[in-house]
Amino acid sequence: MKRFTGQDRSITDKWRPATLAVRGGTVRTDIGETSEAIFMTSGYAYDNAEEAAARFRGERPGMTYSRLQNPTVEMLEKRLALLEGADAARATATGMAAMTAALMCQLSAGDHLVAGRALFGSCRVLVDTILPRFGIETTTVDARDPDAWAKARKPNTKVFFLETPSNPGLEISDIRAISDIGHDAGACVVVDNAFASPIVQRPMDLGADVVAYSATKLLDGQGRVLAGAVLADEKWMNDIYLAFTRHTGPNLSPFNAWVVLKSLETLDLRVRRSCENALKVASFLEMRVPKLLYPGLASHPQHALAMQQMAAGGTIIALFLDGGRPQAHALLDGLELIDISNNLGDSRSLMTHPASTTHASVTPEVRASMGITEGMLRLSIGLEDPADVIDDLDQALAKAGL
Ligand SMILES: *Cc1c(COP(=O)(O)O)cnc(C)c1O
């Protein structure tokens, strides 16, 4: 491995984001391949026994085992860190592996976690049921209200965990205010940034300590692989995160890392275009449905805050129909172009009914507290011509009686 350009900070520090997205993190072998190599290897061979021993003692650079290091995964991690403006990144097999590791690595029995209550369904299960099994106390709050975070603090509070915009209710939380409150209590502030991507929002610039991703969403953006990532400063990554994950192994496969690495080359283009498309579709839908939430529209109750901390309104729209589940399902069944799918952040526009899919595993009371009604639909806008997406919605709305 040589021709080291994309991992040398003295070089990459001069690069602008679009350049980092294409070249950041790249390391070339002696062959000089232009596109990054896929190292599908679990282990590494050594020239002699002393070389192996020296690497295990940490005295010589070099890789030892792919649970600990892999060249392709490392290229992805370096590129992600550069895009986020973070010291360090680690890739994981899924977004949930990233969330679980980012929380469990720093929580022990007797500690307390405060989380926003509007979280991705599996994150809610993690907070409400899994962490408490290990003696970790958890409190969920209305994440939009900074006072609620302040009131929830206890002497044993170790972590604040939030998601903004939230899934699927598109609630916006004030990252800067909540980070200040968390730091006052000595807590580590972890932000799930899956709905925004580093193109739309950089939580660390607003005071967050750790950013976690489902890279399955916008980072891959083409619905191909499951992946996740955790980003933080070097010290936290080494002392806290790696102390946990080196031995628990939530690693990403080198092949999947390569897929996401290639996706990052077009992240900026894809996310910006999807956000532009989403704004057009949301503006159309606003005239046709009883209620709609899109952070990029003035009708969103937290539009001002969204525009303060986000570079665009994002790619997700939530719509609310008066006819409950029957009308929501009728609209889905009437679609001809947009797919019925619970994935999001794909180049294909996708629509789902959260109450019967992504959030079916949480109780109706929890759903209600997250703003998920039986008539709610979540629409993820992709890269098709927005006029075609609007035409499809137009005819499906008519079939659903709207
Ligand atoms: C999808 C998603 C996750 C979980 O990611 P997976 O890759 O599906 O494991 C976590 N948080 C948010 C906000 C998500 O949208």
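This report walks through a sheet, the open and closed spaces, a ligand site and one unusual loop in a predicted model.

**The sheet**

A good place to start is an open sheet built from five strands, which run in the order β10-β11-β14-β13-β12 with mixed pairing. Its edges are β10 (291-293) and β12 (339-340), and each has a single partner strand, so one side of each is left without a neighbour in the sheet. As background, strands of a sheet pair through backbone hydrogen bonds, and they can do this in a parallel or an antiparallel way. For an antiparallel example, look at strand β13 (residues 350-352) and strand β14 (residues 376-380), which are linked by three bridges. To find the pairing on your screen, pick out Thr352 and look for its bridge partner in β14, Arg378.

**Open and closed spaces**

Now turn to the empty space in the model. The largest pocket holds about 750 Å³. It is lined by 37 residues, and those closest to its centre are Leu68, Gln69, Glu74, Arg90 and Leu242. Two or more lining residues come from each of α1 (9-12), α3 (49-56), α4 (71-84), β3 (88-92) and α10 (234-248). Which element gives the most to this lining? The answer is α4, with six residues. Sorted by class, the pocket lining has 13 nonpolar, twelve polar and twelve charged residues.

There is also one cavity of 30 Å³ or more. The largest cavity has a volume of about 60 Å³. Among the residues around this cavity are Leu218, Arg270, Val271, Asp346 and Ile381. Its lining divides into four nonpolar, five polar and two charged residues.

**The ligand and its shell**

The ligand is surrounded by 13 residues, and the closest of them are Gly95, Met96, Asp192, Thr216 and Lys217. By class, this shell has five nonpolar, five polar and three charged residues. Three contacts between the ligand and the protein are set out here.

| Ligand atom | Protein partner | Distance |
|---|---|---|
| oxygen | Met96, polar backbone atom | 2.8 Å |
| nitrogen | Asp192, N or O atom in the side chain | 2.6 Å |
| oxygen | Thr216, N or O atom in the side chain | 2.6 Å |

Met96 thus meets the ligand through its backbone, while Asp192 uses its side chain, and so does Thr216. How much of the ligand's accessible area does the protein cover? On its own the ligand has 380 Å² of accessible area, and the protein covers 93% of it.

**A loop with unusual angles**

Let us finish with some backbone geometry. Most peptide bonds are trans, and most residues other than glycine have a negative phi. With that in mind, visit the loop between β6 (157-163) and α8 (175-184), where Pro165 lies. The peptide bond joining Thr164 and Pro165 is cis, with omega about -5°. Pro168 lies in the loop between β6 and α8 as well. A cis peptide bond runs from Asn167 to Pro168, and its omega is near -5°. Leu170 is another residue of this loop. Is the phi of Leu170 positive or negative? Phi of Leu170 is positive, near 55°, although the residue is not a glycine.

Note on methods
Residues numbered from 1 in each chain as written. Predicted model: local features only at pLDDT ≥ 70, side-chain atom pairs only at ≥ 80, totals over all residues. Heavy atoms only, no water. Pairing = 2+ DSSP bridges. Helix = DSSP H or I, 4+ residues; strand = E, 2+ residues; numbered from the N terminus. 1 Å grid on protein atoms, 1.4 Å probe; cavity = no way out; pocket = protein on both sides within 12 Å on 5 of 7 lines; lining within 4 Å. Points joined across faces, edges and corners; volume = space filled by probe spheres on them. Nonpolar A, V, L, I, M, F, W, Y, C, P; charged D, E, K, R; others polar. Near = heavy atom within 4 Å. Polar contact = N/O pair within 3.5 Å; in protein donor to acceptor, adjacent residues only side chain to side chain. Areas by Shrake-Rupley, 256 points an atom, 1.4 Å probe, with all protein chains shown as cover.
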